[in-house]
Amino acid sequence: MAGVVLAVVMFVCSLIGSKRISLKEAVFGEPTNPEDVRTDYDDYEIFVRVRLPRIILAAIVGAALACSGVVFQALLRNPLADPYILGISSGARLGVTIAVISGLNWTLWGRSPIAVFAFAGALGTVWLVWFVGRLTGKFHVTGLLLAGVVINAFFSAVIMFLTSIAKAEQVHATIFWLMGNMTEEDFLVLWIGAGCVVGGIMVLFYISPQLNALSFGEDDARSMGVNTARTRTMAFGVAAAITAIAVSLSGLIGFVGLVIPHGVRLVFGPDHRQLLPLSSIVGAIFLVVADTVARIIVAPAQLPVGVVTAIVGGPFFLVLLVKYSRKVSWLK
Amino acid sequence: MSGIIEVENLSFGYIPQSTILKDISFEVTPGTSLAIAGPNGAGKSTLLNLLCGTLVPKSGTIRIDAAPVESYSTEALAGKVAVVRQEFVPVFGFSVIETVLMARTPYYGPMGFESKADKKIVAEALEMTDTIQFASRPLGSLSGGERQRVFIARALAQDTAILLLDEPTSFLDLKHQVGIYDLLKAAQLERDKTIVTVTHDINLAAQYCDETLLLGADSNYDIGKTKDVFSPEQIEKVFGVRTFVGRVGQEKFFIPLGKFAKDSGQTGNKPEGSQQK
């Protein structure tokens, strides 16, 4: 059901934009004869090369962020957790800052290395937080959260130091990248990203009953027959990986990972077997819509999508929070 | 030996230098109830955590159904032993039925959903604990006594032979205390469960438990029929407090009396006159 809504939203949004395109042209306007040099294939070009990749990208990133938001909230048993809580954001920022400031101008498979640096920075930091958290004893939620906060602060300081010695345009490039942007990616990158994210979400769905039990604490989950160590490591690793993919594809888009899980939970209840897939789909829809707004609201210029998610998402979430206090239960 | 739980020369300490449980041996006969009583810090909850495999003994062995605890996988152990811990309410508002259904997690199908058999077991557990009328309410909206029944329902839904409980009646009023013990007794008698309860309430333990393990703060312990273990001398020695001892029918009861208690002079066993001081 929700999947159909996502498909419809993606389709409608792909037709909306600063340039009106005709559906017929877009779908059937593919040049059949390469030597035919008519110039009115614009609609097809815009649809396939510009809009479609961007909408697919928004859907992937939205799903990844919302899904890993659910997982981090469950693992840390903390409603304030979001995908960035354990240092992914500062790690990615550090990676990007280093990439920009060191003036790297080589390319990797025809792409700027910034995304690669962001990905490596994000995953490296999460690993570091996880490692430090482990040293504080057997998986201590408080230890992990504190390690995350401190490493975030430390990396922020390093980033501030680097920015203070950097040139203005480099700083601007870094900030712009990090604000959260949907840019047109080529299809190969998109498919790899989509494959990883969808695969990750499927793994997380597979362990969602165990996440339910883990919400009651480690000991309770174990006495209910859940292998907590394996579940925790899997959930943590996969959620961190798909977040890092999302961050390296689109920068730091806030709010989706915090608000979508809560919104879905408020309306549909906390059972992860339902919460996880629904949040992924709602997150995808939300980001596709937000990005469409970002594309058209100040056209021909474009807003960073992170701005839209916070401006639209904040009030919307508050309304949900006031209106629902768990009225729907699906098990009845 | 014929115990469903067999503990042999068990020792445990959280840090290497000290032991809080020293050389404990006992066994629990299937279908009986055992109370673990003793003062704070004597290691009651520690012992419970050892029995369910959360903690690992420093030395000695614990056997469940004749096999050492550590030889079970997490899932297999959850099929033998269910645990009701001191209350923990999760941050997210799971409903009663969702909570109880979680007991079936290891038995879910490949898509992560419960079978008809799971639903039947859960329905029975809800019925037995009398929690079915608020099955769809979130846990947070229940009173302490109701919530405790839900956690017992979840343990029952695990469908295990052994039930371990950590102070199931703390924070409950008289009616709910008695209600919980009646429920546990029913599970023992009707379902043939073996029940081990950590408790502070020696009077309720005396009324409901077949045997008692009395742990002292100095690693001494005493195990036997509840009425033999709870003697006035033992209680005074182990808890370090003088009590008024009375008798209702078969079992004794104890009222602790401190220095400034109104009846502080009444300690001993006056109603029977046998141990008058």
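The following exercises, each with a worked solution, concern a predicted model.

**Exercise 1. Overall dimensions of chain B**

Determine how the radius of gyration of chain B stands against the value for a compact globule with 277 residues.

*Solution.*
Step 1. For 277 residues, a compact globule would have a radius of gyration near 19 Å.
Step 2. Chain B has 20 Å, which agrees with that value.
Step 3. Along the principal axes, the box filled by the C-alpha atoms of chain B is roughly 70 × 40 × 35 Å.
Step 4. Burial and contacts complete the description: 41% of the 277 residues of chain B count as buried. Among contacts in chain B with a separation of 6 or more, 62% come from residues 24 or more positions apart.
Step 5. The secondary structure of chain B comprises 9 helices and 12 strands.

**Exercise 2. The two domains of chain B**

State where the domains of chain B lie in the sequence, and identify which elements of domain 1 give two or more residues to the side that touches domain 2.

*Solution.*
Step 1. The domain assignment places residues 5–239 of chain B in domain 1 and residues 240–277 in domain 2.
Step 2. The centres of these two domains of chain B, taken over C-alpha atoms, are separated by 30 Å.
Step 3. Contact between them involves 10 residues of domain 1 of chain B and 12 residues of domain 2 of chain B.
Step 4. On the side of domain 1 of chain B, the elements that give two or more residues are α7 (202–208) and α9 (232–239) of chain B.
Step 5. By class, that side of domain 1 holds 6 nonpolar, 2 polar and 2 charged residues.

**Exercise 3. The contact between chains A and B**

Find which element gives the most residues to the side of chain A that touches chain B.

*Solution.*
Step 1. The contact engages 28 residues of chain A and 28 residues of chain B.
Step 2. The elements of chain A that give two or more residues to this side are α9 (208–214) and α10 (218–223).
Step 3. The most is given by α9(A), with 5 residues.
Step 4. The class division for the side of chain A is 9 nonpolar, 10 polar and 9 charged residues.

**Exercise 4. The sheet of 4 strands**

Explain why β2 and β5 of chain B each have one side without a neighbour in the sheet.

*Solution.*
Step 1. The strand order of this open sheet is β2-β1-β4-β5 in chain B, and the pairing is antiparallel.
Step 2. β2 (21–28) and β5 (67–68) of chain B stand at the edges with a single partner strand each, so one side of each has no neighbour in the sheet.
Step 3. Strand β1 (residues 5–12) of chain B is joined to β2(B) by 5 bridges, and the two run antiparallel. E6(B) has E27(B) in β2(B) as its bridge partner.
Step 4. Helix α1 (residues 44–51) of chain B lies across β1, β2 and β4 (59–64) of chain B, at about 125° to β1(B).

**Exercise 5. The sheet of 6 strands**

Identify which strands are the edge strands of the open sheet of chain B that contains β6 and β10.

*Solution.*
Step 1. This open sheet of 6 strands in chain B has the order β6-β7-β8-β3-β9-β10 and mixed pairing.
Step 2. The edge strands are β6 (81–84) and β10 (221–225) of chain B, each of which pairs on one side only.
Step 3. From one strand to the next, the twist averages 15°.
Step 4. β6(B) and strand β7 (residues 162–166) of chain B run parallel and are joined by 4 bridges. V84(B) has L165(B) in β7(B) as its bridge partner.

**Exercise 6. Individual residues**

Classify A81(A) as buried or exposed, and do likewise for D23(B) and D130(B).

*Solution.*
Step 1. A81(A) is found in the loop between α3 (42–75) and α4 (88–101) of chain A. Burial requires 20 or more other C-beta atoms within 10 Å. A81(A) has 24 and is therefore buried.
Step 2. Beyond its neighbours within four places in sequence, A81(A) is in contact with F72(A), Q73(A) and L76(A). The C-alpha atoms of A81(A) and V71(A) are 9.2 Å apart, with the residues 10 apart in sequence.
Step 3. D23(B) is placed in strand β2 of chain B. D23(B) has 13 C-beta neighbours inside 10 Å and so counts as partly exposed. Although D23(B) is not a glycine, its phi is positive, at about 55°.
Step 4. D130(B) is in the loop between α4 (116–128) and α5 (144–157) of chain B. With 13 C-beta neighbours inside 10 Å, D130(B) counts as partly exposed. D130(B) has a positive phi of about 60° and is not a glycine.

Notes
Residues are numbered from 1 along each chain as its sequence is written. Chains are lettered from A and ligands numbered from 1 in the order in which they are written. This is a predicted model: local features need pLDDT of at least 70, side-chain atom pairs count only at pLDDT 80 or more; totals for chains, interfaces and linings use all residues. Domain bounds come from an automatic or database domain assignment. Two residues are in contact if their C-beta atoms, placed from the backbone, lie within 7 Å. Ala, Val, Leu, Ile, Met, Phe, Trp, Tyr, Cys and Pro count as nonpolar, Asp, Glu, Lys and Arg as charged, and the others, Gly among them, as polar. Two strands pair if DSSP finds at least two bridges between them. Axes are lines fitted to C-alpha atoms, for helices over the stretch in contact, and angles run from 0 to 180 degrees between N-to-C directions. The radius of gyration is taken over C-alpha atoms; the globule rule is 2.2 Å times the number of residues to the power 0.38. A residue is buried if 20 or more other C-beta atoms lie within 10 Å of its own, exposed if 12 or fewer, and partly exposed in between; C-beta atoms are placed from the backbone.
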